[in-house]
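Let's walk through this model together, starting with the overall layout and then moving to the side chains.

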Amino acid sequence: MTENYLALLEESLKRKLQVMAEIQDYNLRQQEIFQADKVDVDKFDGYVAEKGALIDKLNALDNGFEKLYARASEELKDNRHKYGEQIKNLQNLVAKVMETSVTIQAQEARNKKLIENYFQKEKEGIRMGRKTSKAAVDYYRNMNKSSVVMPLFMDSKK
């Protein structure tokens, strides 16, 4: 029975690594979007949605792993020597998961910085556009006022 649990735990970790690899791929795609000359925000939004689904899948795998581990943990503690090889494989997989998790966090931090820079540039562009627009409106108003000079003296005789 415990051997089945161990096999399921191993399979769960392998699937988790696959999902994490897909998340890494989406992170790279997002990075490319914000490093390009023209940013495709719609494409970015699509990637965010797809990555969100992968994160949900990852959370489900985590929950399943924890439940399986809780069922098998007592047997594993009592018979550690009996399942030594399988436990070692699980430890290696957990180490890979942790390493991949750190890599994903670093990618997310880089992408966050790229996104912040992009929005800062856009915000600055909007601010400059408003200043230019305001200056044009002010100029137009001033020119209209100066061209319409009411005569000060009007000859009322005809």
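What follows covers the fold, the charged pairs, the aromatic residues and a few polar residues.

**The overall picture**

Keep in mind that this is a predicted model. The mean pLDDT of the protein is 83, with 82% of its residues at 70 or more. Confidence is not even along the chain: H1 has the highest mean, at 91, and H3 the lowest, at 81.

The protein has 3 helices and 0 strands, so read from the N terminus the order is simply α-α-α. Helix H1 covers residues 2-35, helix H2 covers residues 41-78, and helix H3 takes in residues 84-147.

Of the 158 residues in the protein, 25% are buried. The protein exposes about 12,000 Å², and carbon and sulfur atoms supply 54% of that area. If you take the contacts between residues at least 6 apart in sequence, 81% of them join residues at least 24 apart.

**Charged pairs**

Side chains of opposite charge can pair when their charged atoms come close. This model has 6 salt bridges, and the table shows three of these pairs.

| Acidic residue | Basic residue | Closest N to O | Separation in sequence |
|---|---|---|---|
| glutamate 10 (H1) | lysine 14 (H1) | 3.2 Å | 4 residues |
| aspartate 62 (H2) | lysine 16 (H1) | 2.3 Å | 46 residues |
| glutamate 108 (H3) | lysine 51 (H2) | 2.6 Å | 57 residues |

The pair of glutamate 10 and lysine 14 stays inside helix H1, its two members sitting about one turn of the helix apart. Lysine 14 is partly exposed, at 39% relative accessible area.

What does the salt bridge between aspartate 62 and lysine 16 tie together? Aspartate 62 belongs to helix H2 and lysine 16 to helix H1, so this pair joins parts that are 46 residues apart in sequence. Is each partner buried or partly exposed? Aspartate 62 has a relative accessible area of 22%, so it counts as partly exposed, while lysine 16, at 15%, counts as buried. The cut-off for buried is under 20%, which is why these two values fall into separate classes.

The salt bridge of glutamate 108 and lysine 51 also links distant parts of the chain, this time helix H3 and helix H2. Here glutamate 108 is partly exposed at 31%, and lysine 51 is buried with a relative accessible area of 7%.

**Aromatic residues**

There are 5 aromatic pairs in the structure. One of them is phenylalanine 34 with tyrosine 118, an edge-to-face pair with 5.3 Å from centre to centre and 65° between the planes. That pair links distant parts of the chain, since phenylalanine 34 is in helix H1 and tyrosine 118 is in helix H3, 84 residues apart. Both phenylalanine 34 and tyrosine 118 are buried. They also belong to one aromatic cluster, made up of Phe34, Phe44, Tyr118 and Phe119.

Asparagine 117 is in helix H3 as well. Its C-alpha atom is 9.1 Å from that of phenylalanine 34, although the two residues are 83 apart along the chain. Asparagine 117 is partly exposed, at 36% relative accessible area.

Which ring does the charged end of arginine 29 sit over? It is the ring of tyrosine 26, with the charged end 4.8 Å from the ring centre.

**Two buried glutamines**

Glutamine 30 lies in helix H1 and is buried, at 4% relative accessibility. Which residues does glutamine 30 contact, leaving aside its neighbours within four places in sequence? They are Phe44, Tyr47, Val48, Lys51 and Asn111. Two of those names have come up already: Phe44 is part of the aromatic cluster, and lysine 51 is the salt-bridge partner of glutamate 108.

Glutamine 107 lies in helix H3 and is likewise buried, at 7% relative accessibility. Leaving aside neighbours within four places in sequence, glutamine 107 is in contact with Gln24, Asn27 and Leu28.

Note on methods: Residues are numbered from 1 along each chain as its sequence is written. This is a predicted model: local features need pLDDT of at least 70, side-chain atom pairs count only at pLDDT 80 or more; totals for chains, interfaces and linings use all residues. Side-chain values use heavy atoms; hydrogens and water are left out. A salt bridge is a side-chain nitrogen of Lys or Arg within 4 Å of a carboxyl oxygen of Asp or Glu. Buried means under 20% relative accessible area, exposed over 50%, partly exposed in between (1.4 Å probe, protein chains only). Contact means heavy atoms within 4.5 Å. Accessible areas come from the Shrake-Rupley method with a 1.4 Å probe; for residues, only the protein chains shown count as cover. Rings of Phe, Tyr and Trp (its six-membered ring) pair if their centres lie within 6.5 Å; planes under 30 degrees apart count as stacked, over 60 as edge-to-face and the rest as tilted. A charge sits over a ring if NZ of Lys or CZ of Arg is within 6 Å of the ring centre and within 35 degrees of the ring normal. pLDDT is the predictor's confidence in each residue, from 0 to 100.
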